[in-house]
Amino acid sequence: GTVFTNVAGSWTQPRATCPVNKAQPAAFWVGIDGFSASDHTVEQVGTDSDCTKAIHKKGGGPSYYAWYEMYPLPAVFLSSSSYPVAPGDAINAKVSVSATTFTLTLSDGAKWHFSTNQISGTHPLDSSAEWITEAPTSCQGSKCKVAPLGDFGSIAITGASANGQAISGHGFTDNQITMTTKNSKIVKARTSALTAGGTAFSVSWLHN
């Protein structure tokens, strides 16, 4: 029943531990919408710590970058030369909305600041706020597949707020999500309980 006008959170960019020549991404983001089955948009901004596969024998390995997405439109990847991301960087992310205009903001300590205004043409519901660590889904046509989750170790989300308030204690219903395989037999990433007065939690990698 809550209408969300902004969501914010911070994290330290995790270091990817990569197997040889395997693609395993891990994405970290904040966003609005997408939790309800009837909500088909997500307005999100964040970073990745990916393991990449070698192309033409030029070598794979860790890759770090920033991006935003107005789903169902494809993600927009920020220039790594203008907006470089490295392990240990202090990332701050925020999404806010006024009418159908979303402002997606990302900063990397004192290194750089990025902000963009995007107009949604799909009448978003603004019905949920998210702080997510996940393996992204890639689609070819109507066929979609969840990628193997890259080993990011652990990540602490801090300063988490929705509508300028802590996640818990303000009438919000919060959902603590654990990522598993489709049959729920293997836990890929486990989310902790809320701490710091409902403004922080951590996610630990367990399996790709």
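**An enclosed strand and its surroundings**

Strand β2, residues 27-32, is largely enclosed by the rest of the structure, because 6 of its 6 residues are buried. The structure is a predicted model, and every value discussed below is to be read as computed from that model. The burial of β2 extends to both of its faces. On one side A27, W29 and G31 are buried, and on the other side F28, V30 and I32 are buried as well.

The neighbours of β2 within its sheet can be considered next. Strands of a sheet pair through backbone hydrogen bonds, in either a parallel or an antiparallel arrangement. Strand β3, residues 42-52, runs antiparallel to β2, and 6 bridges join the two. Two residue positions help to fix the register of this pairing: A27 stands opposite D48 in β3, and F28 stands opposite T47 in β3. Strand β9, residues 129-134, also pairs with β2 in the antiparallel sense, again over 6 bridges. Here G31 of β2 stands opposite E130 in β9.

These pairings belong to an open sheet of 5 strands, in the order β5-β4-β3-β2-β9, with antiparallel pairing. The edge strands are β5, residues 76-77, and β9, each of which pairs on one side only. Strand β2 therefore has β3 on one side and β9 on the other in the sheet order, and its 6 residues are buried, so that the rest of the structure largely encloses it.

Strand β3 also takes part in a covalent link. The count of disulfides comes to 1. This bond is formed by C18 and C51, whose sulfur atoms are 2.2 Å apart. The torsion about the S-S bond of C18 and C51 is about -90°, so the disulfide is left-handed. Because C18 lies in the loop between β1 (6-12) and β2 while C51 lies in strand β3, the pair ties together parts that are 33 residues apart in sequence. The two cysteines differ in their exposure class: C18 has a relative accessibility of 27% and counts as partly exposed, whereas C51, at 2%, counts as buried.

Attention now turns to the aromatic side chains. The structure holds 6 aromatic pairs. One of them joins Y68 and F114, whose ring centres are 5.8 Å apart; their planes meet at 25°, so the pair is stacked. The cut-off behind this assignment is that planes under 30 degrees apart count as stacked. This pair links distant parts of the chain, since Y68 lies in strand β4 (residues 61-71) and F114 in strand β8 (residues 112-119), 46 residues apart. Y68 is buried, with a relative accessible area of 10%, and F114 is buried, also with a relative accessible area of 10%.

Another aromatic pair joins Y83 and W112. Their ring centres are 5.1 Å apart and their planes lie at 80°, so the geometry is edge-to-face. Y83 lies in the loop between β5 and β6 (90-98) and W112 in strand β8, so this pair ties together parts that are 29 residues apart in sequence. With a relative accessibility of 22%, Y83 counts as partly exposed, because the buried class requires a value under 20%. W112, by contrast, counts as buried at 7%. Ring pairs link Y68, Y83, W112 and F114 into a cluster.

Strands β4 and β8, which carry the stacked pair of Y68 and F114, also contribute to a pocket. About 160 Å³ of space lies in the second largest pocket. Of the 14 residues that line this pocket, the closest to its centre are M70, Y71, L73, I119 and S120. The elements that give two or more residues to the lining are β4 and β8. The largest share, 3 residues, comes from β4. By class, the lining of this pocket has 8 nonpolar, 5 polar and 1 charged residues.

A final position lies later in the chain. G150 lies in the loop between β11 (143-146) and β12 (154-162). Its relative accessibility is 0%, so G150 counts as buried. G150 and H207 are 57 residues apart in sequence, and their C-alpha atoms are 8.3 Å apart in space.

Terms used:
Residues are numbered from 1 along each chain as its sequence is written. This is a predicted model: local features need pLDDT of at least 70, side-chain atom pairs count only at pLDDT 80 or more; totals for chains, interfaces and linings use all residues. Side-chain values use heavy atoms; hydrogens and water are left out. Buried means under 20% relative accessible area, exposed over 50%, partly exposed in between (1.4 Å probe, protein chains only). Helices (H or I, at least four residues) and strands (E, at least two) are DSSP runs, numbered from the N terminus. Two strands pair if DSSP finds at least two bridges between them. Rings of Phe, Tyr and Trp (its six-membered ring) pair if their centres lie within 6.5 Å; planes under 30 degrees apart count as stacked, over 60 as edge-to-face and the rest as tilted. On a 1 Å grid over the protein atoms alone, a cavity is a set of points where a 1.4 Å probe fits but cannot get out, and a pocket is an open set with protein on both sides within 12 Å along at least five of seven lines; lining residues have an atom within 4 Å of a point. Grid points are joined across faces, edges and corners, and a volume is the space filled by probe spheres set on the points. Ala, Val, Leu, Ile, Met, Phe, Trp, Tyr, Cys and Pro count as nonpolar, Asp, Glu, Lys and Arg as charged, and the others, Gly among them, as polar. A disulfide is a pair of cysteine sulfur atoms within 2.5 Å.
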